[in-house]
Amino acid sequence: MRAWRVVVLTFLLAAAACVVQGGAPRGSTSTTGPMPSSSLRDALYVRETGYNTAVTTYVTRIDVGSARVQGALPEGSMSADSSKLYHVEAIDGATRTRIDEIDTETGDTQRSFTIDGDWVLAQSNDGPIGTSADGRWLVLARSAVKIDNEWMSGLAIVDLRSGALRASNEYRGATTLAVLGIASAGDAVAVAQYGAGESRLRIWDAASRDLLPGADAPIDGFMSATVRSKDGARLYFLESGGGSARPSIRTVDLGSRRISQTDLPGVQSSSDFEKSMLWSLALSPDGATLYAVDPALGWIDEIDATTPTMNLKRSARIPVASEDDPPAALRALFPIAEAKRYVRGGARLSPDGRTLYAAGTTGLVVIDATSLRERTMWARDLSFDSLGLAPDGTRLYAVDDSSRNIVVLSALDGSLLATMHQELAPMDVVRVEAARDVLLAPAPPAPCNVFLTPPDPHVPAEIQHLKTSATVVAVESACTVRARISGGQGTLERFSGRDVVLRATDATTFASASKGDLNAIGGMRLEPGETFTLSFDSRAFPDGSYPVNYMDR
C-alpha cells in the first residue's frame, strides 16, 4: 500500500470515529517478524528520543541477539571511533560546566573535569557533534537566547587531554551560530551562521576567537548530513539546490581555511523538495572517493576527494521505483501533506568499498560502486532514515523513524533477519560493535573476603552518591546482588534500565544490618523481582561491581 493511501485511510477512519487512541504500553524493545538469533552477536548503539514528547535523548545499547536493551548512555558527543561519549552538565549555579568522559561499552565514567562558563553540547540535525577526528578536542556551544532583540550565542574549544579550555567567545547580534565540525588541530570550527534573512557557511578561528572574513559562502537549499574526511581536515555536505539551482558538494577545508563548491550536473536539479531531502553522502574506506546518491531522484555521483577542487569524476542514472499518485478526486477532497523526512547517514559503503547501500523514498537500493549500476532493491515496502553496517559487512541495521522499528537485513541477500520495535523513537545508528562477549555470562564478582580499594571520595555527590531504586535480578553472594537500576537524572541517566552488580563494603550502611557487614546482602534474603532503595557510587571496582553506600527495602 502506498504512503498516500495510508494517509487517506487514516484520515477517513479518524473522521468517522472522532477519537484519538494512545498506543499500548510497550517494553523497551519488542520484536515483530523474525526473532533475533543468538548468531547475531552485535551490540547496536542507537540515539533515541521521546516519541511526540519532550523526553531526554539517550544513546541506547541493544544486544541484537536477544533484542534486549542493555543500558542507556546520556546524551553526549561521541568520539570519532565511538569508544567514548562526552556528556556535559551545568554545575555551581550554571557558572561552571562538568564534562564526563564515559566508556560507551561499559557505561562507566572514566574521568570528569570542569571548565568555567555555562556550555552545552554542540547540536545538529544528526544529534550532538563536536569531537575532533583524533579525539583530542571538543567544541561546545552557548545556548542561543534573545536578549534586547539580539541573539546571544558562543563557542568554546576544550582540550580533552588536559581538561583545559583552549578558546571561547560569545556573540551578540542578529545571527546565531550552529557547529558543523572541528579541525583535528583544534584551531578552527566550521559553523553555519543563521539569521538576518540568510544562511551562510563560516569558519571560526581559535587564535583570533572570531569568524574569518575570507571564509564565507551562502547556503542555498537543504543541507545533507555532514561527512568528515579521514584526517578530519575536511567536512563535506551536499546542498540540494532546488528549482533551477543545481545540487552541489560543499567542502569546508579547516586546514587551509577555505570553502569550496563542486556543482553536480544541472539535470539533477529538482523542484521536488521531498525527494531532494533524500541526498546522502558516503566516503570510501580509503577516503579517496566521495559518493553522492539520491535513489528518489535516481542519481549517483562519484567525486575525487584527493584533490583540493573535489573534481566530479562521473555520474550515473539509477532506476527509480515507481510511485502511485493519489487520484485527482481524492486530492480535491483531502489536501494530502506527506511527512517530511530527514535522512541521517542514509548511505553506507561495504568494508571493501565495492557495494553502496542507500535509502530511497521506500526500500534500500544496492549499487555496484565500481560500475555505479544498481544491482537490486531490498525492503521495497519500508522507509529508512538511518543505516548502520556491521563491522564484517554482513548485516545492515536500518532505522524507520515513523514506525519506531530497527530492521536487521542480511547485507548478502537482503533477507529480513529481525525487526526490533523501540519504546523510544530511534533516530540514528551511532555505532555497531561486533561484541563477542555480549551473550556470554558475566564474570563472577570478586569474593567477599577480597579487599577492593574504594574509589577516591573527593568527588561531587553526583558521582559517588547516586540515590535511586533497583529491582533484584539475582543475589550472587553474601556481599553482592545483581540488580536493574531504575535510573534518574544527571549521572543516573546512563544507568537507567541497566543490570549491574552492587557490592557491600566496610563503609556500607543498611537499614536492617550493622554498618560494614559484608554478609548483610545475603542476610536480607532478597528475592528476584523485589524492589529496594539504595545509594551507590558510579565508579566501578576492577571486577565491574559498584560500591553500595546504603541499602533499604
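Partly exposed, as used here, sits between buried, under 20% relative accessible area, and exposed, over 50%. Keep that handy for the exercises below; the model is a predicted one.

**Exercise 1.** Work out which burial class glutamate 530 and arginine 553 belong to, and where the pair sits in the chain.

*Solution.* Start with the contact: glutamate 530 and arginine 553 form a salt bridge, 2.6 Å from N to O. Next, place the partners. Glutamate 530 is in the loop between helix H5 (520-523) and strand E39 (531-536), while arginine 553 is in the segment after strand E40 (546-552), so the pair links distant parts of the chain, 23 residues apart. Now the areas: glutamate 530 has 21%, so it's partly exposed. Arginine 553 has 48%, so it's partly exposed too.

**Exercise 2.** Find what the salt bridge between arginine 498 and aspartate 108 ties together, and decide whether arginine 498 is buried or exposed.

*Solution.* First, the closest N and O atoms of the two are 3.6 Å apart. Arginine 498 lies in the loop between strands E36 (480-485) and E37 (499-503), and aspartate 108 in the loop between E7 (96-103) and E8 (109-116), so the bridge joins parts 390 residues apart in sequence. Then check accessibility: arginine 498 comes out at 11%, so it's buried. Aspartate 108, at 15%, is buried as well.

**Exercise 3.** Say which strands lysine 313 and glutamate 302 come from.

*Solution.* These side chains meet in a salt bridge at 3.9 Å, N to O. Lysine 313 is in strand E25 (residues 312-317) and glutamate 302 in strand E24 (residues 299-304), 11 residues apart. Glutamate 302 has a relative accessible area of 6%, so it's buried.

Definitions and conventions: Residues are numbered from 1 along each chain as its sequence is written. This is a predicted model: local features need pLDDT of at least 70, side-chain atom pairs count only at pLDDT 80 or more; totals for chains, interfaces and linings use all residues. Side-chain values use heavy atoms; hydrogens and water are left out. A salt bridge is a side-chain nitrogen of Lys or Arg within 4 Å of a carboxyl oxygen of Asp or Glu. Helices (H or I, at least four residues) and strands (E, at least two) are DSSP runs, numbered from the N terminus. Buried means under 20% relative accessible area, exposed over 50%, partly exposed in between (1.4 Å probe, protein chains only).
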